[in-house]
Amino acid sequence: MVALAGRGVDWNRFLALANRNGVAPMAGARLGAEGDANLPPHVARTLRLSYEVNALRCNHRAGCAAEIVEAFAASGVPAIALKGPVLAIAAYGDVAMRVFGDLDFMVRFSDLPRAVKALERIGYSSEDYRADVVESGFFPDVTLGFSREGSMVDLHWRLSPRHFPFSPEGEQVWNRSVEIELLGRRVRVLGPADTIAFQACHGAKHGWMTLAQICDFAHVLATARPINWSSVLDDARRTRSLRMLLLGVDLADSLSLCEVPAELLDAARRDTHLAPLSRRVRRGIFNLRRAVELDEWLIALGTIESVRDRVRYIVERVFAPKMSDRMLMPLPRALYPLYYPARPFLVAIKRRELVFRKRRDTGALRS
């Protein structure tokens, strides 16, 4: 990075891109390792502060995650920690290298009521949770949001939503899980091969919107040794997520983020659909004016290999009711089918509230 200082870099654009792509803390850490004497003072200061502020925020959230792990253990609820601080430790060895907000945990569906009570005992609450609504099976949600002051948790009972069911699933995920250390506590996480598959699916689901997502995948890929890559490819074919995996592989290789295993790289080069998807992602992460939502949809759809799965993605994502819809329009169980015709109006209300909230937050910042 320091070597770039004399090459006429547009540092304001660099900082904007680093923040938008969630890699400012990584750049700040790299800067601290190399020294900042050759960088403009405002750039060096901004990157240092980015890392330090993120370190404070992430260490607080890691402490919250450790507290949740203890609460689940005390209630006898097996749980797998996802993304957040555990991914930062597994991929980078430093909780402050990733920008993350929510904490994510997965429990078995049968353990969901006990997991909810465990979170409630340490101060978390959810506006969307009602046992009868979840147990009805009508809504496709696989995640519930919980919050308390200074901390938010997404509680999962599946790794991916019904409209994007391509990540590892089932009891084998639990059998292959491993433990790592988080602030002196043992925390269960996905096994190495499942972590790679999940990160590829998660990146594809969100259209690989940020460079940070690609860096996460590349670091997980680089540190996951030894692994039977043929088995990883076979599992991806079985779960219809091969192109999702190979797009992550192509992005990590084309951006020179890690040394990609030859078996994965050869498989990626054989998929002729990858090149335009990879170019779109790479152009997008360096474009401050990209149409984020459009790119997310197009890239996600591009990674889905069958027409049937693409149709399901569109139909489920657009028309399937959500538990948050019930918060806007409470109906008894017998009338749940009315959520389908009401869905467009409920989405419009939610979008309007989101726009007003963004304008209010922007106004507050300007004042």
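In this predicted model, the interface between helix 14 and helix 15 brings together Glu-296, Trp-297, Ala-300 and Leu-301 from helix 14 with Arg-310, Tyr-313, Ile-314, Arg-317 and Val-318 from helix 15. Sorted by class, that contact holds six nonpolar and three charged residues, with no polar ones. Helix 14 covers residues 292-303 and helix 15 covers residues 307-319; their axes sit 10 Å apart, at an angle of about 145°. The handedness of this crossing is right-handed.

Helix 8 and helix 9 make another such pair. Helix 8 runs over residues 192-205 and helix 9 over residues 211-223, and their axes come within 10 Å while crossing at roughly 165°. Angles over 145 degrees count as roughly antiparallel, so helix 8 and helix 9 fall into that class. Here the crossing is left-handed. On the helix 8 side, the contact is made by Thr-195, Ile-196, Gln-199 and Ala-200, which meet Asp-216, Phe-217, Val-220 and Leu-221 of helix 9. That works out as five nonpolar residues, two polar and one charged.

The loop between helix 8 and helix 9 is home to Trp-208. This tryptophan has a phi near 45°, a positive value in a residue other than glycine. Trp-208 is also buried, because its relative accessible area is 1% and the cut-off for burial is under 20%.

A positive phi turns up at Leu-183 too, at about 50°, although Leu-183 is not a glycine. Leu-183 belongs to the loop that links strand 5 (178-182) and strand 6 (185-189). With a relative accessible area of 46%, Leu-183 comes out as partly exposed.

Then there is the pairing of helix 11 with helix 13. Helix 11 takes in residues 242-254 and helix 13 residues 274-285, with axes that come within 10 Å and cross at roughly 55°. That angle makes helix 11 oblique to helix 13. The crossing is right-handed. Arg-243, Leu-246, Leu-247, Asp-250, Leu-251 and Ser-254 are the helix 11 residues involved, and they meet Leu-274, Leu-277, Ser-278, Val-281 and Arg-282 in helix 13. The residues of this contact split into six nonpolar, two polar and three charged.

Away from the helix pairs, Pro-78 sits in the loop between helix 3 (41-74) and strand 1 (80-82). Its relative accessibility is 35%, so Pro-78 counts as partly exposed. Leaving aside residues up to four places away in sequence, Pro-78 touches Met-106, Val-107, Arg-108, Asp-111 and Trp-174. Between Pro-78 and Ala-44, by contrast, the C-alpha to C-alpha distance is 44 Å, with 34 residues separating them in sequence.

As for the protein as a whole, the secondary structure adds up to 17 helices and six strands. The C-alpha trace spans about 70 × 50 × 45 Å along its principal axes. A compact globule of 367 residues would have a radius of gyration near 21 Å, and the protein agrees with that, at 21 Å. Buried residues account for 49% of the 367 residues. Among contacts with a separation of 6 or more, 68% are between residues 24 or more positions apart.

Key:
Residues are numbered from 1 along each chain as its sequence is written. This is a predicted model: local features need pLDDT of at least 70, side-chain atom pairs count only at pLDDT 80 or more; totals for chains, interfaces and linings use all residues. Side-chain values use heavy atoms; hydrogens and water are left out. Axes are lines fitted to C-alpha atoms, for helices over the stretch in contact, and angles run from 0 to 180 degrees between N-to-C directions. Helices (H or I, at least four residues) and strands (E, at least two) are DSSP runs, numbered from the N terminus. Angles under 35 degrees count as roughly parallel, over 145 as roughly antiparallel, 65 to 115 as roughly perpendicular and the rest as oblique. A crossing is left-handed if the near helix is turned anticlockwise from the far one by less than a right angle, and right-handed if clockwise. Contact means heavy atoms within 4.5 Å. Ala, Val, Leu, Ile, Met, Phe, Trp, Tyr, Cys and Pro count as nonpolar, Asp, Glu, Lys and Arg as charged, and the others, Gly among them, as polar. The radius of gyration is taken over C-alpha atoms; the globule rule is 2.2 Å times the number of residues to the power 0.38. Buried means under 20% relative accessible area, exposed over 50%, partly exposed in between (1.4 Å probe, protein chains only).
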